[in-house]
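Got your viewer open and a hand on the mouse? Then let's take a walk, selecting a few residues at a time.

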Amino acid sequence: METKIFSTSEQDIEKAGEIIRSGGLVAFPTETVYGLGANALDSDAVKKIYAAKGRPSDNPLIVHVAKKEDIAPLVKEITPKAQALIDAFFPAPLTVILKKSDIIPDATSGGLDTVAIRMPKNEIARKVIAASGVPVAAPSANTSGLPSPTKAKYVIDDMLGKIDGIIDGGDCEVGVESTVITLATDAPTILRPGAVTKEMLEAVIGEVKISHAVLDELGKNEVAASPGMKYKHYAPKAKVILVNAEKADYESFVNSKTDAFALCFDGDNVKIPRVTYGSEDNDEAQARELFDALRRLDELGAKRVYARMPHKDGVAMAVYNRLIRAAAFQIIDLKKPFTIGLTGGTGAGKGYVCDYLKSLGFNIIDSDLVAREVVQKGSPLLQRLADEFGDDIIANGELDRKLLAGRAFSDKGRTEKLNSIMHPAIIDRCKELANGLTVLDAPQLFEAGAENLCYKIIAVTAPTEIRISRIKSRDGLSDEQARQRIAAQFDDEYYIKHSDFVIINDGREIKAQIDQILAKIF
């Protein structure tokens, strides 16, 4: 296919409008990013967008209009809050989701019963839409998954030979896609952040919620109600890793790397090859420069990129939203201490895991040993334990741990009381012992709230009968006593859900599992 490169002259805009009206595809500039336009009411034309981009067909498209009065035929109802936003902002980098009318085909809405509507601020965009005489479906004009194009040259790189025309309208002003807010739910909710912020929206319509998928991954069975909600998006060909760190810590971290690039702020003192995306205190500049920076990393041949994390409010929320998806949610968090939490039920086999990690050079903190230390003879905790569980648990100034365990684990309430006495002291001592590469071996990591001390958490699980056998052999307990101890702890499902990694200790090769986990962490 021959792709014509158009100017912004009135004559070329009319030609572009005719192509769209006739079922073709034209890329054109908006104030956010370049859009790839097709007749939103023509299913066949819309399907060409998916084909050109390599975009999944369940990813809904935004319908662009030239005038406010063009919105009504596309929706079942313009609700009062929608009308308030239209009156306050349109034309703007803002998209409003409403229940769609029957003229919107499923190909445009991604099979949903809603439609996303936007009136772009960019005058060239509105002229193209007006010249076409139809509402225009227009996602970003890039190969699906790559950074959105803010310059015509990137559209040409991705779309030449795949579409009918490209209008070269210079650089985009905003640089990240429009804010998307749905008004088709009980509460107005931002699905994608942009230049129109939560605070700006709330000033017009009151409380606005933010979808959890703005800052986190979509759930396994969740449907993308807006463009840009997929797991990986906006990504260069390089592997991007987001680094949460203060300026000096980020500089120290990346300057220790080889064969890597930095995506950082102006003024960061970085020695490795770098590309910047604005200054740390200028959200608008970050938004405007981000996608161009990601594209330049590919042009420079970057294979691995460590990106300094922006903050998460105002316009910077939009920058973070794009970067976290470009990184496929991979984050190195240097603001947390580098302690790996190791947890799991009693008898799961954490000791073997600790022995191997110790052989690799890790500093091991055994919380059971710490628990013994904090109740040594003369400890002020002893009297508190005696007051709660009976004076006879103290003999000659020392704690009878077996007697205490029999009483403390007899019911959930007494277990919680024991924890409330012991855990704060154990955590304080563990903080003192943490040094360098540290593993905190803590069966009650979550009960103690010690997960906040940890960079990543590994859970060890094992079948119940195997655990019972180990506990009986190790502690000299009866079958009933062993089961009672297991019942007093979280089940495996809890550990799996709340941990970053899981080691299954049922006869499988343990060292190989540990090696794989460490490779991912580092």
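The tour below starts with the whole protein and then stops at single residues and ring pairs.

**Before you click**

You are looking at a predicted model, where local features need pLDDT of at least 70, side-chain atom pairs count only at pLDDT 80 or more, and totals for chains, interfaces and linings use all residues. Residues are numbered from 1 along each chain as its sequence is written, and side-chain values use heavy atoms, with hydrogens and water left out.

**Zoom out**

Show everything as a cartoon. The C-alpha atoms fill a box of roughly 100 × 50 × 45 Å along the principal axes. You can look for 19 helices and 23 strands; these are DSSP runs, numbered from the N terminus, with helices being H or I of at least four residues and strands being E of at least two.

Now switch on the surface. About 22,800 Å² is exposed, and carbon and sulfur atoms supply 48% of that (Shrake-Rupley method, 1.4 Å probe; for residues, only the protein chains shown count as cover). Of the 522 residues, 53% are buried. Here buried means under 20% relative accessible area, exposed means over 50%, and partly exposed is in between, with a 1.4 Å probe and protein chains only.

Try colouring by charge: there are 67 positive and 75 negative side chains, and the centres of the two sets lie 3 Å apart. Lys and Arg count as positive, Asp and Glu as negative, while His and the chain ends are not counted; each charge is placed at NZ of Lys, CZ of Arg, CG of Asp or CD of Glu.

How much of the contact count comes from residues 24 or more positions apart? They account for 68% of the contacts with a separation of 6 or more, a contact being heavy atoms within 4.5 Å.

**Stop 1: two buried helix residues**

Select Ile13 in helix H1 (residues 10-21). At 1% relative accessibility, Ile13 is buried. Leaving out residues up to four places away in sequence, Ile13 touches Thr8, Ile124, Lys127, Val128 and Ala131. Draw a C-alpha to C-alpha distance from Ile13 to Ala125: they are 112 residues apart in sequence, yet 9.4 Å apart in space.

Next, pick Ala293 in helix H9 (residues 283-299). Its relative accessible area is 0%, so Ala293 is buried. Beyond its neighbours within four places in sequence, Ala293 contacts Leu263, Val275, Thr276 and Tyr277. Draw another line, this time to Gln481: the two residues are 188 apart along the chain, and their C-alpha atoms are separated by 61 Å.

**Stop 2: backbone details**

Go to Phe90 and Pro91, which are joined by a cis peptide bond with omega of about -5 degrees. Pro91 is in the loop between helix H3 (80-89) and strand E5 (94-99).

Then move to the loop between helix H10 (316-326) and strand E16 (331-333), where you'll find Ala328. Phi of Ala328 is near 50 degrees, a positive value in a residue other than glycine. Phe329, in the loop between H10 and E16 too, also has a positive phi, near 65 degrees. Ala328 is buried at 9% relative accessible area, and Phe329 is buried at 17%.

**Stop 3: the aromatic rings**

A pair of aromatic rings is described by the distance of the centres and the angle of the planes. Rings of Phe, Tyr and Trp (its six-membered ring) pair if their centres lie within 6.5 Å; planes under 30 degrees apart are stacked, over 60 edge-to-face, and the rest tilted. By this rule there are seven aromatic pairs.

Why is the pair of Phe253 and Tyr306 called edge-to-face? Their ring centres are 5.2 Å apart and their planes sit at 90 degrees, so they fit that label. This pair links distant parts of the chain, 53 residues apart: Phe253 is in helix H8 (residues 247-255) and Tyr306 in strand E15 (residues 304-308). Phe253 is buried at 14% relative accessible area, and Tyr306 is buried at 7%.

Now select Phe490 and Tyr494, a stacked pair with 3.8 Å centre to centre and 15 degrees between the planes. Phe490 is partly exposed at 27%, and Tyr494 is partly exposed at 25%. Add Phe446 and Tyr495 to your selection, and you have one aromatic cluster with Phe490 and Tyr494.

**Last stop: a charge over a ring**

Finish at Lys456, whose charged end sits over the ring of Tyr455, 5.6 Å from its centre. The rule here is that NZ of Lys or CZ of Arg is within 6 Å of the ring centre and within 35 degrees of the ring normal.
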